[in-house]
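Subject: The structure I promised you

Hi,

Here is the structure we talked about, ready for you to open in your viewer. Have a look around it first, then read on for what turned up.

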Number of protein chains: 4
Amino acid sequence: MNMKLGLNAYGKNAVNLSKIIRHADHHEFRQISVNVQLEGDFETAYTLGDNTKILPTDTQKNTVYALAKQHFTGTIEEFGLQLAYHFFSRNPQVSKAKIEITEHGWQRMAFDEQAHQHAFTGGGAEKRTTVVTQTAGGATVSSGLKDLLILKTTDSAFENYIKDEYTVLKETSDRILATQCEAVWDYTATDLDFEATYQKIRTTLLRTFAFHKSLSVQQTLFAIGEQILRENDVVREIRLIMPNKHHIPFNLEQFGLDNNNEIFIATDEPFGYITGTVSR
Amino acid sequence: MNMKLGLNAYGKNAVNLSKIIRHADHHEFRQISVNVQLEGDFETAYTLGDNTKILPTDTQKNTVYALAKQHFTGTIEEFGLQLAYHFFSRNPQVSKAKIEITEHGWQRMAFDEQAHQHAFTGGGAEKRTTVVTQTAGGATVSSGLKDLLILKTTDSAFENYIKDEYTVLKETSDRILATQCEAVWDYTATDLDFEATYQKIRTTLLRTFAFHKSLSVQQTLFAIGEQILRENDVVREIRLIMPNKHHIPFNLEQFGLDNNNEIFIATDEPFGYITGTVSR
Amino acid sequence: MNMKLGLNAYGKNAVNLSKIIRHADHHEFRQISVNVQLEGDFETAYTLGDNTKILPTDTQKNTVYALAKQHFTGTIEEFGLQLAYHFFSRNPQVSKAKIEITEHGWQRMAFDEQAHQHAFTGGGAEKRTTVVTQTAGGATVSSGLKDLLILKTTDSAFENYIKDEYTVLKETSDRILATQCEAVWDYTATDLDFEATYQKIRTTLLRTFAFHKSLSVQQTLFAIGEQILRENDVVREIRLIMPNKHHIPFNLEQFGLDNNNEIFIATDEPFGYITGTVSR
Amino acid sequence: MNMKLGLNAYGKNAVNLSKIIRHADHHEFRQISVNVQLEGDFETAYTLGDNTKILPTDTQKNTVYALAKQHFTGTIEEFGLQLAYHFFSRNPQVSKAKIEITEHGWQRMAFDEQAHQHAFTGGGAEKRTTVVTQTAGGATVSSGLKDLLILKTTDSAFENYIKDEYTVLKETSDRILATQCEAVWDYTATDLDFEATYQKIRTTLLRTFAFHKSLSVQQTLFAIGEQILRENDVVREIRLIMPNKHHIPFNLEQFGLDNNNEIFIATDEPFGYITGTVSR
């Protein structure tokens, strides 16, 4: 009995690249990590060890660096479109080229309200992301962010849930709500102003989180997605992952002290894992 | 315009649980991490903040500990089946209950070839995994392993691939092949001897990797999957992820020394990412 | 032959604590991690298993939470002084109580230049630190920061170093200088305005890094330390760790392209590790 | 006022190196990470940016690879002695050369009790370490291990400790004892059989941990150190770090179930941090 090859893909992951873009009076500094993933007619590579249709992952890596010289001048979405098209158009055996780019932010230093020309501080955990997919049917772009830590100290409740013999959690009308937010949204086109759109969506996400009177993580998640769709016709659908980073009130009562929602233990594990998709 | 809720799920992740199973003359020590994920009729929780159909993730966590007392006596697959059935059968609003369990191995200490009764060393990075899914249609079990580091110092080549203007990599008939293997296979039934089957599959994976004359990671991946399917009628399909943990010969020639495949730099990033599915 | 106990210490590490400080019109959110370490007359605990002089690490943890309720209202230095004094003064067997506190920053969200009352984003990798030590001789305070990522795209050279048969590195008058800076400085007193002093020192560190014409990491490190000492009489000595986070120009010439200090690979390992102490 | 340079050092860290040692009928595979640290007459580098006495860390890295070709044939201690002597003897400005080496173990695969010639599995978290220091006074060697996870399910108690108003912990005569052990011992000579001595010490550590009737982590730590010194005249002193990896019984009583030391939560943070030195 012969076995058969099903879904498969290969490519180079974590191609880490930094670029200085030199302007007359200041420098930009950009830092990205690129994943290349190819699907296509690779069956004989798997079944026979025939590498004649294999573009080595080392070459993929070199290509990313070489194309960055000319084409990485704007958003990660535009660079991703260039890369995806490059691999797809030059390799007839490839049916789908997928480029994932993660950008690490850097913040320009400022002193006495003067921006410095060439010194930066690291931008923290939050990262901007994009996935560009090129097939014979054209290119699609999904963008997002991840590792965005957000927290509110009030306007968050969790009540009226199911109780059973394993229920210990107490209902609360006032708790900390914290999450390490990940969002991915699908664009309806590939010729957008990706920079402006991104900034607008990110602000809506933060604003909705901050002002929402939350009855649950699920409700806040939906409210964020709904508002982003409302304000952005170019977004078809958004997927949100909002793990509940629990902050548990420490039991001070056992020492004769009150804990009026003041002192908390932040725990990493276990954590609630809340996901949802919002579409039109 | 109202937006609508698409695919969604929630649950408790990383429920870390250890168990001592006490036998007359020795102890077993087991350590697992459990993820619970529920899908179902949760729309009003997202759109209205109505929590009346929400089983809190804190209760899910408590349930895992309580059920472990009675039901975690054998394989993670058997315990997963119990947990998935529990959440599905008691919650009519749940259409799918998915339980993921990761087991960390511990090795019993031995001295002078005598196994010790109750002392253990940590089992390393390798972990055993299972995913049990319960719906109205019944239960399914997929099992696997991850973070299995395997390496061979020869019998691995990579030649005859595409060359273009970005090609730097040299063909080689003898290189190190190393990977951090992840495998997941689907079982055809839920009443198997999960322990014996797992051990047999793991040995086949190692043996095929060790003895294969590899022409590429892709070919070795397929060979492993094919052999596991051949030897195990109870496996329907297997998915393998075999990132290429590159070991690059260090350029000693610049110092007037030979490097006959002796001295290498192991790099973490970037890395080749090779995946494939093998089915009947 | 009897063996003897030398240097020893014990305590609770990683006591993670969050606090909401509620003001009339806004909330503060603080997040810290506390290590308690006790030295003293613990010999019989080690040699005989006599625990009568052992304050359990669980109790130490509880104490941190209980004291945070009343005493964690200002800087980590002030809270550290309270904690160190508490453990030292109540335990005659303790000769030294050391408290280490790491604070994770959170940034208040703002919309349309209005600060939000109770919503925050995570502050990134950078952390503020303090070590307070209490002995019979009194208390001392050292403070610092760590995981501060800073980078400049020019004004950094590295030339005129030793060359030998293993030299490959090319001299350069213009390179990226990047580091994950850690600094610890000793204060001359315990009744300082720790907040203002910290902010002043941090700004001097950034400013010196940004404007320095660097001939080496060593020189920049010394310049930073020297300037901080010059501007702050309350600092006796400063210790700096500035690992060189290498950014290596990618070899585009092999593809017929120039790389005029534009495209770089940032590598994590190996890394240059540069340390130095500056004192009066 | 001029500031002065105090303690300082620099070097290359995390020089990751793998070596295949080829024997007629089998291969050895070795994986190490090397830190080089130099102290000496480097004042003008810090104060003036004068690099003429600086051996670049890039050259240090190259030297490690070049010397590994000839000299890394046995233990990490022997290779460390070669490296330390190399940097010290060729650089008159260096007063101390310190080499730290961490070795990652790999286990040879075996099938049907036959060892395979060239296939290996990763050795887990445990690592073997050495620190070699060369000065004008000669060389010294300290060796050790780290990240050794060990656990026993009984023969561990913790009772008769101090109680105060913050005490919650219950005394127990039977608990899990688990630690991620780190040990460093100083050798009295540099011409030892480092391999045999290491294996003997490691076995004594495990055996003492396994058979000890523990009254506290402190007592077990001392017992291990004492026994290692007793059995090894070539060890002058040993330093042990044994963080208490807490396993907390889950409160099943709240659900009407017993928990006879069966079901535990393993927590990462906070953790007890126990250290001690044992000498003659």
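To start with, how many residue pairs are in polar contact between chain A and chain B? The count is 34, with both residues of each pair at pLDDT 80 or more. That pLDDT score is there because this is a predicted model, so please keep that in mind as you read.

**Chain A with chain B**

Let's stay with these two chains for a bit. Chain A puts 72 residues into the contact, and chain B puts in 72 residues too. The size of an interface is often given as the accessible area lost when the parts come together. For chain A and chain B, that buried area is about 6,000 Å², and carbon and sulfur atoms account for 55% of it. If you want some residues to click on, try A:M3, A:Y46 and A:Y166: they supply 12% of the area that chain A buries against chain B, more than any other three residues.

There are also four salt bridges across this interface. One to look up is the pair B:R90 and A:D164, whose side chains meet at 3.4 Å, N to O.

Which parts of chain A do the touching? The elements that each give at least two residues to the side facing chain B are β1 (4-13), β2 (15-22), α1 (43-48), α2 (57-71), α3 (76-90), α5 (217-231) and β11 (271-279) of chain A. The largest share comes from β1(A), with ten residues. Sorted by class, that side of chain A has 31 nonpolar, 28 polar and 13 charged residues.

The strands join up across the boundary as well. β11(A) runs antiparallel to strand β1 (residues 4-13) of chain B, and eight bridges join them. To find the place on screen, look for A:F271, whose bridge partner in β1(B) is B:N13.

Now for the symmetry. Turn chain A by 180°, with 0.0 Å of shift along the axis, and it superposes on chain B with an RMSD of 0.0 Å. That is the relation of a two-fold axis. In chain A, the C-alpha nearest the axis belongs to A:L7, 11 Å from it. Both copies use the same surface here, since 100% of the contact residues of chain A recur in chain B.

**Chain B with chain D**

Next, swing round to chain B and chain D. This contact takes 54 residues from chain B and 54 residues from chain D. Together they bury about 4,800 Å², with 65% of that on carbon and sulfur atoms.

The rule finds 22 residue pairs in polar contact across this interface, both residues being at pLDDT 80 or more. Chain B and chain D also share four salt bridges, including one between the side chains of B:D112 and D:R207, at 3.6 Å from N to O.

On the chain B side, the elements giving two or more residues are β2 (15-22), β3 (27-40), α2 (57-71), β4 (94-111), β5 (114-135), β6 (138-152), α4 (194-211) and β10 (263-266) of chain B. Here β5(B) has the largest share, eight residues. The side of chain B that touches chain D divides into 29 nonpolar, 15 polar and ten charged residues.

You'll find strand pairing at this boundary too: β6(B) and strand β5 (residues 114-135) of chain D are antiparallel over three bridges. B:K152 is a handy marker, as its bridge partner in β5(D) is D:A119.

What rotation superposes chain B on chain D? A turn of 180° does it, with 0.0 Å of shift along the axis and an RMSD of 0.0 Å. In chain B, the C-alpha nearest this axis is that of B:G124, at 1.8 Å. Again the same surface serves both copies, with 100% of the contact residues of chain B recurring in chain D.

**Salt bridges overall**

One last thing to look at. Over all chains, the structure holds 72 salt bridges. Within chain A, A:R30 forms one with A:E103, and their closest N and O atoms are 2.6 Å apart. This pair ties together distant parts of the chain: A:R30 sits in strand β3 (residues 27-40) and A:E103 in strand β4 (residues 94-111) of chain A, 73 residues apart.

Happy exploring, and write back with any questions!

Key
Residues numbered from 1 in each chain as written. Chains lettered and ligands numbered in written order. Predicted model: local features only at pLDDT ≥ 70, side-chain atom pairs only at ≥ 80, totals over all residues. Heavy atoms only, no water. Contact = heavy atoms within 4.5 Å. Buried area = accessible area lost by both parts, 1.4 Å probe. Polar contact = N/O pair within 3.5 Å; in protein donor to acceptor, adjacent residues only side chain to side chain. Helix = DSSP H or I, 4+ residues; strand = E, 2+ residues; numbered from the N terminus. Nonpolar A, V, L, I, M, F, W, Y, C, P; charged D, E, K, R; others polar. Pairing = 2+ DSSP bridges. Least-squares fit on C-alpha atoms with pLDDT ≥ 70 in both.
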